[in-house]
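Good morning, and thank you for the invitation to speak. I would ask you to keep the sequence and the structure in view while I go through them.

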Amino acid sequence: MVSSPDFEWQQSIVMGEKTFLKYFAKANELSEGMALPITMMNKGRQVGMFYSTQAYNNLLKQINSLKQEILTLKNK
């Protein structure tokens, strides 16, 4: 496992596909509250990824931060 102050582990909530579909409203609240996406699994395989509004906004912030970092490195 890599451990560094410059490295941040990305996480998601792992949930069975049937459970996600059955309890969508609660799953959405969980994703919003934790600002994490939900990875949907079926028989040990990832079958989808759900982003609540909060989780998606978090992803966009991370992407913009990476774009800025790339631009900074290109200009050096």
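Let me begin with a question: is Asn 42 buried, partly exposed or exposed? Please note that the model before us is predicted. In this model Asn 42 has a relative accessible area of 33%. Buried means under 20% and exposed means over 50%, so Asn 42 counts as partly exposed.

Where does this residue sit? Asn 42 belongs to strand β2, which covers residues 38–42. Leaving out residues up to four places away in sequence, Asn 42 touches Glu 17 and Val 47. With Glu 17 there is also a polar contact between the side chains, at 3.0 Å. The C-alpha atom of Asn 42 is 8.9 Å from that of Met 15, a residue 27 places away along the chain.

Let us now step back to the whole protein. The secondary structure consists of 3 helices and 3 strands, and along the sequence they follow the pattern β-α-α-β-β-α. Of the 76 residues, 20% are buried. The protein exposes about 6,400 Å², and carbon and sulfur atoms supply 55% of that area. If we take the contacts between residues at least 6 apart in sequence, 34% of them join residues at least 24 apart.

I turn next to the sheet. The 3 strands form an open sheet in the order β1-β2-β3, and the pairing is mixed. Strands β1 and β3, the latter covering residues 45–50, are the edge strands, and each pairs on one side only. Neighbouring strands are turned against each other by 30° on average, direction ignored.

What does "mixed" refer to here? Strands β1 and β2 run parallel and are joined by 4 bridges, whereas β2 and β3 pair in the antiparallel sense over 5 bridges. Ile 38 appears in both pairings: Ile 38 is the bridge partner of Ile 13, and Ile 38 also stands opposite Phe 50 in β3.

Strands β2 and β3 form a hairpin with 2 residues between them. Lys 43 lies in that loop, and its phi is near 55°, a positive value in a residue other than glycine. Is Lys 43 buried or exposed? Its relative accessibility is 81%, and the cut-off for exposed is over 50%, so Lys 43 counts as exposed.

A second residue invites the question of its surroundings. Ala 35 also has a positive phi of about 55°, although it is not a glycine. Ala 35 lies in the loop between α2 and β2. Because its relative accessibility is 16%, Ala 35 counts as buried.

Now consider the faces of the sheet. In a regular strand the side chains alternate between the two faces of the sheet. Strand β1 shows such an alternation: Ile 13 and Met 15 point to one face and are buried, while Val 14 and Gly 16 point to the other and are not. Helix α2, residues 24–34, lies across β1, β2 and β3 and runs at about 170° to β1.

Which residues make up the largest nonpolar core? There are 8 of them: Ile 13, Met 15, Phe 20, Ala 27, Leu 36, Ile 38, Met 40 and Phe 50. The elements that give two or more residues to this core are β1, covering 13–16, and β2. Phe 20 is worth tracing on the screen. Apart from its neighbours within four places in sequence, Phe 20 is in contact with Met 15, Ala 27, Ile 38, Met 40 and Phe 50.

One last residue returns us to strand β2, where Thr 39 is found. Is Thr 39 buried or exposed? At 7% relative accessibility, Thr 39 counts as buried. A polar contact of 2.7 Å joins its side chain to that of Ser 12. Beyond its neighbours within four places in sequence, Thr 39 is in contact with several residues, including Ser 12, Ile 13, Val 14 and Met 15, as well as Gln 46, Gly 48 and Met 49.

To close, I return to strand β2. Within this strand, Thr 39 is buried, whereas Asn 42 is partly exposed. Each of these two residues has a polar contact between side chains: Thr 39 with Ser 12, and Asn 42 with Glu 17. Thank you for your attention.

Technical notes. Residues are numbered from 1 along each chain as its sequence is written. This is a predicted model: local features need pLDDT of at least 70, side-chain atom pairs count only at pLDDT 80 or more; totals for chains, interfaces and linings use all residues. Side-chain values use heavy atoms; hydrogens and water are left out. Buried means under 20% relative accessible area, exposed over 50%, partly exposed in between (1.4 Å probe, protein chains only). Contact means heavy atoms within 4.5 Å. A polar contact is a pair of N or O atoms within 3.5 Å; within protein, one must be able to donate a hydrogen and the other to accept it, and residues adjacent in sequence count only if both atoms are side-chain atoms. A nonpolar core is a set of buried Ala, Val, Leu, Ile, Met, Phe, Trp, Tyr and Cys residues joined through side-chain atoms within 4.5 Å. Accessible areas come from the Shrake-Rupley method with a 1.4 Å probe; for residues, only the protein chains shown count as cover. Two strands pair if DSSP finds at least two bridges between them. Axes are lines fitted to C-alpha atoms, for helices over the stretch in contact, and angles run from 0 to 180 degrees between N-to-C directions.
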